[in-house]
Amino acid sequence: MGKLDGKVAIVTGASAGIGKQVAIKFAEEGADIAICSRTLGKLSEVAKLCEAAGAKVLAMKCDVTSVPDMEAFVEAVAAKFGTIDILYNNAMSFSGTPKPLVEQTPEEWDEFYHSGLMSTYHMMRLCFPYLKQNAGGKVINVGSGSGIEGQKGMCAYGAIKEAIRALSRTAAREWGEYNINVNIINPGAVTEAIWDSMKDLPEEQRNPLAMGFNPTAIGRFGDAREDIAPVAVFLASEDSRHITGQTIMAEGGVTMTA
């Protein structure tokens, strides 16, 4: 018996990184999976891994900056599975390198705004009727320590992540009467793509600290599959039925806050 048996879960931005591992873990815990990304190449590989875990899978191209794309995706999920129980809003663009506030361009702000805050809002809005009818839906949105800590060079990204947390808290209050839990996970993990980006560096430079990662209290960096995906399962399962509107700091004690 899996913790998500019989559930239908959406994971956006699931072609790589944390989204990929969350989708696979949801499948291993018994959920059927709907995944999307801007391209189908790597997403098809993730779909096969979810199917190998026993899940029925819908993998679909969807640009989360496009409302028609999101509408078509949610409609396709409902048509295939009949319902939606879990929404994991993972997708958000992150291009370029950190830069001071006064150097961040309006175009960069717009990219974070549309791919992060507005995509989260629209996916929640579109999935709400299905979550409501199930009287026990789960929404998991993704925040970031860059917003909570005010990390240098991360003004636009951090501000949008904080807006997502505010959106989530309001939704938790408004949707509580329908028994829908809305929580935020702040993940801290070094993904496959990050390790791959360091493979050609001298050994002494293959350190996430050199890439701007903050040191953790527990002395190691998180792993997307082993450290983040299980927390997502907890928030998606009935184990978290009495938790809503909360930010779970799954990042090794980098940020400690009440």
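A search of the whole structure, which is a predicted model, finds four aromatic pairs. One of them joins Phe128 and Tyr178. A pair of aromatic rings is described by the distance of the centres and the angle of the planes. For Phe128 and Tyr178, the centres are 5.5 Å apart and the planes meet at 75 degrees. That makes the pair edge-to-face.

Where do the two rings come from? Phe128 sits in helix α4, residues 106-134. Tyr178 sits in the loop between α6 (155-175) and β6. The pair therefore ties together parts that are 50 residues apart in sequence. Now look at the surroundings of each ring. Phe128 has a relative accessible area of 18%, so it counts as buried, under the 20% limit. Tyr178 has 26% and is partly exposed. Trp175 joins in too: Phe128, Trp175 and Tyr178 form one aromatic cluster.

Stay in the loop between α6 and β6, where Asn179 is found. Most residues other than glycine have a negative phi. Asn179 is not a glycine, yet its phi is positive, about 60 degrees. Its relative accessibility is 43%, so Asn179 counts as partly exposed.

Next comes strand β6, residues 181-187, which holds Ile184. Is Ile184 buried or exposed? Its relative accessibility is 0%, so Ile184 is buried. Leaving aside neighbours within four places in sequence, Ile184 is in contact with eight residues named here: Asn141, Val142, Gly143, Arg165, Ser168, Gln246, Thr247 and Ile248. Thr244 is 60 residues from Ile184 in sequence. In space, the C-alpha atoms of Ile184 and Thr244 are 8.8 Å apart.

Turn now to strand β1. Five of its five residues are buried, so β1 is largely enclosed by the rest of the structure. Both faces are covered. Val8, Ile10 and Thr12 are buried on one side, and Ala9 and Val11 on the other.

Which strands pair with β1? One is β2, which runs parallel to β1 and is joined to it by five bridges. Within this pairing, Val11 has Ile35 of β2 as its bridge partner. Another is β4, which pairs with β1 in the parallel sense over three bridges. Here Ala9 has Ile86 of β4 as its bridge partner. A helix belongs to the picture as well: β1, α1 and β2 make a right-handed β-α-β unit.

These elements also help to build a core. The largest nonpolar core has 33 residues. Phe26, Ile33, Ile35 and Tyr88 have the most contacts inside it. At least two core residues come from each of β1 (8-12), α1 (17-28), β2 (32-37), α2 (41-52), β4 (86-89), β5 (138-142) and α8 (224-236). Which element supplies the largest share? Helix α8 does, with seven residues.

Take Ile33 as a way into this core. Beyond its neighbours within four places in sequence, Ile33 is in contact with Ala9, Ala23, Phe26, Ala27, Cys50, Ala55, Lys56, Val57, Leu58 and Phe81. Apart from this core lies another, of 27 residues. Among them are Met70, Ala91, Leu126 and Cys127.

One last stop is Phe81, a contact of Ile33. Lys80 lies over the face of the Phe81 ring, at 5.6 Å from the ring centre.

Definitions and conventions. Residues numbered from 1 in each chain as written. Predicted model: local features only at pLDDT ≥ 70, side-chain atom pairs only at ≥ 80, totals over all residues. Heavy atoms only, no water. Core = buried A, V, L, I, M, F, W, Y, C linked by side-chain atoms within 4.5 Å. Buried < 20%, exposed > 50% of the residue type's maximum accessible area, 1.4 Å probe, protein only. Helix = DSSP H or I, 4+ residues; strand = E, 2+ residues; numbered from the N terminus. Contact = heavy atoms within 4.5 Å. Pairing = 2+ DSSP bridges. Right-handed = clockwise from strand over helix to strand, strands pointing away. Phe/Tyr/Trp six-rings, centres within 6.5 Å; stacked < 30°, edge-to-face > 60°. Lys NZ or Arg CZ within 6 Å of the ring centre and 35° of its normal.
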